[in-house]
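Visitor: I'm new to reading structures, and the labels people use puzzle me. Could you walk me through how they are earned?

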Amino acid sequence: MAILGIETTAHTASIGIVDEQARVLALVSDVYKPAAGGIHPREAANHHAEAFPALLERLAQEGKLHPSEIEGIAFSQGPGLGPCLRTGATVARVLSLAWKKPLIPVNHCVAHIEIARILSGMEDPILLYASGGNTQVVAFAHGRYRVLGETLDIGVGNFLDKLAIEMGGTFPGGPLIEKWALEGSRLLDLPYSVHGMDVSFSGLLTAAVAAHNSGVPRGDLAHSVQMTAFSMLCEVLERGLAHLGKSEVVLGGGVAANKVLRAMVEKMVAPRGVRAFAPPPSLCTDNGAMIAWTGLLALRNGITAEVEQSPVLPKERTDQVEVRWRLSPRWAPQKPIP
Ligand code: ATP
Ligand code: FE2
């Protein structure tokens, strides 16, 4: 048996099907790309509404859609953009009613964490969750994923997206900045903003835009921005590791697809004898498979929602979610799957 997961918190409409061994049986996605500028919530929601029939059709044509083998329908309940969340929730409710399968609400941030954790085979890692809207250092304690530190303004991914657009690129900006950085090597002196366990990116954004406007070569700027922003993330991650005495790190969220960030984290943990892991890029960025996997953990531990009581929660935070599958679980994966 498997769970079908629906993801629509922001730009990505995605369906994943995952089984009890965390095998991804199917994963299809369609990403909304704004013609110019950042994401427009209503346009993105319209994109998703149009994308889902085709995504379901694709699964059927690939011979991967077998309702009798689907045990439940999981969906991203929040956090995210209201119109996008409501579109995905509607698709999930329809499938749940049509196929008579339980509906399972999933927190998107917790799903980024859980897919990284199961793929790593790690039991109790500290997590760097670095995506467009979120940037958090997280660890499990007393039944929840506790946010030890986070961005005080925008997520690191949003920072990269905004800067890339200022530099003439399009969304998503993170992969572009990563590519441009290969052209440069000079390290500019840019604002480095760490406050205890928290970070902030708005000062760095202002300075980077000013540097671009004053003619700094694209490669040098992209390289410097990555080194500065990712050093900030490594610093708070290392402080978290030191305080908690953990021996495992996982990375999650779209920015964890970045090779420079991965290499910097590797370099930071090596002397500590700590192991680090990041999922493959397709499972770092938003995807239905992580929702399906977390939905399976939830369902097996008695978490479902009635269709009439399945609101989307655009502002739900990581630490608001009871992680019942880690606190006296009724069901847990047989063994971690590396
Ligand atoms: P969340 O709701 O978790 O904040 P999200 O909607 O931002 O998620 P994700 O797919 O988790 O979506 O992350 C998207 C972000 O990841 C974008 O900001 C994008 O620029 C960034 N990103 C993707 N690939 C890379 C990369 N190779 N390097 C840097 N950033 C990247
Ligand atoms: Fe995400």
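Guide: Sure, we'll go label by label through this predicted model.

Visitor: What makes Tyr129 a polar contact of ligand 1?

Guide: The cut-off is a pair of N or O atoms within 3.5 Å. An N or O atom in the side chain of Tyr129 is 2.4 Å from an oxygen atom of ligand 1, so the pair counts as a polar contact.

Visitor: How do you know that Gly132 and Asn134 make polar contacts with ligand 1 too?

Guide: Run the check again. For Gly132, a backbone N or O atom sits 2.7 Å from a ligand 1 oxygen. For Asn134, a polar side-chain atom is 3.1 Å from an oxygen of ligand 1. Both values are within 3.5 Å, so both pairs pass. As for cover, the protein hides 93% of the 640 Å² of accessible area that ligand 1 has on its own.

Visitor: Which residues come nearest to ligand 1?

Guide: Out of 24 residues around ligand 1, the nearest are Tyr129, Ser131, Gly132, Asp161 and Glu178. By kind, that shell has 7 nonpolar, 14 polar and 3 charged residues.

Visitor: Where does ligand 1 sit, and which elements give two or more residues to its shell?

Guide: Ligand 1 takes up the space of the largest pocket. Helix H3 (108-120), helix H4 (156-166) and helix H5 (173-181) each give two or more residues to the shell. Domain 1 (2-112 + 284-326) and domain 2 (121-280) each supply at least three shell residues.

Visitor: What is the peptide bond from Gly78 to Pro79 called, and what is its omega?

Guide: That bond is cis, with omega near -5 degrees. Pro79 is in the loop between strand S4 (70-78) and helix H2 (82-99). The bond from Phe171 to Pro172 is also cis, with omega near -5 degrees, and Pro172 lies in the loop between H4 and H5.

Visitor: What makes Ala22 worth pointing out?

Guide: Its phi is near 60 degrees, a positive value in a residue other than glycine. You'll find Ala22 in the loop between strand S2 (12-19) and strand S3 (24-31).

How values were computed
Residues numbered from 1 in each chain as written. Chains lettered and ligands numbered in written order. Predicted model: local features only at pLDDT ≥ 70, side-chain atom pairs only at ≥ 80, totals over all residues. Heavy atoms only, no water. Near = heavy atom within 4 Å. Polar contact = N/O pair within 3.5 Å; in protein donor to acceptor, adjacent residues only side chain to side chain. Areas by Shrake-Rupley, 256 points an atom, 1.4 Å probe, with all protein chains shown as cover. 1 Å grid on protein atoms, 1.4 Å probe; cavity = no way out; pocket = protein on both sides within 12 Å on 5 of 7 lines; lining within 4 Å. Sits in = over half its atoms within 2 Å of the grid points. Helix = DSSP H or I, 4+ residues; strand = E, 2+ residues; numbered from the N terminus. Nonpolar A, V, L, I, M, F, W, Y, C, P; charged D, E, K, R; others polar. Domains from an automatic or database assignment.
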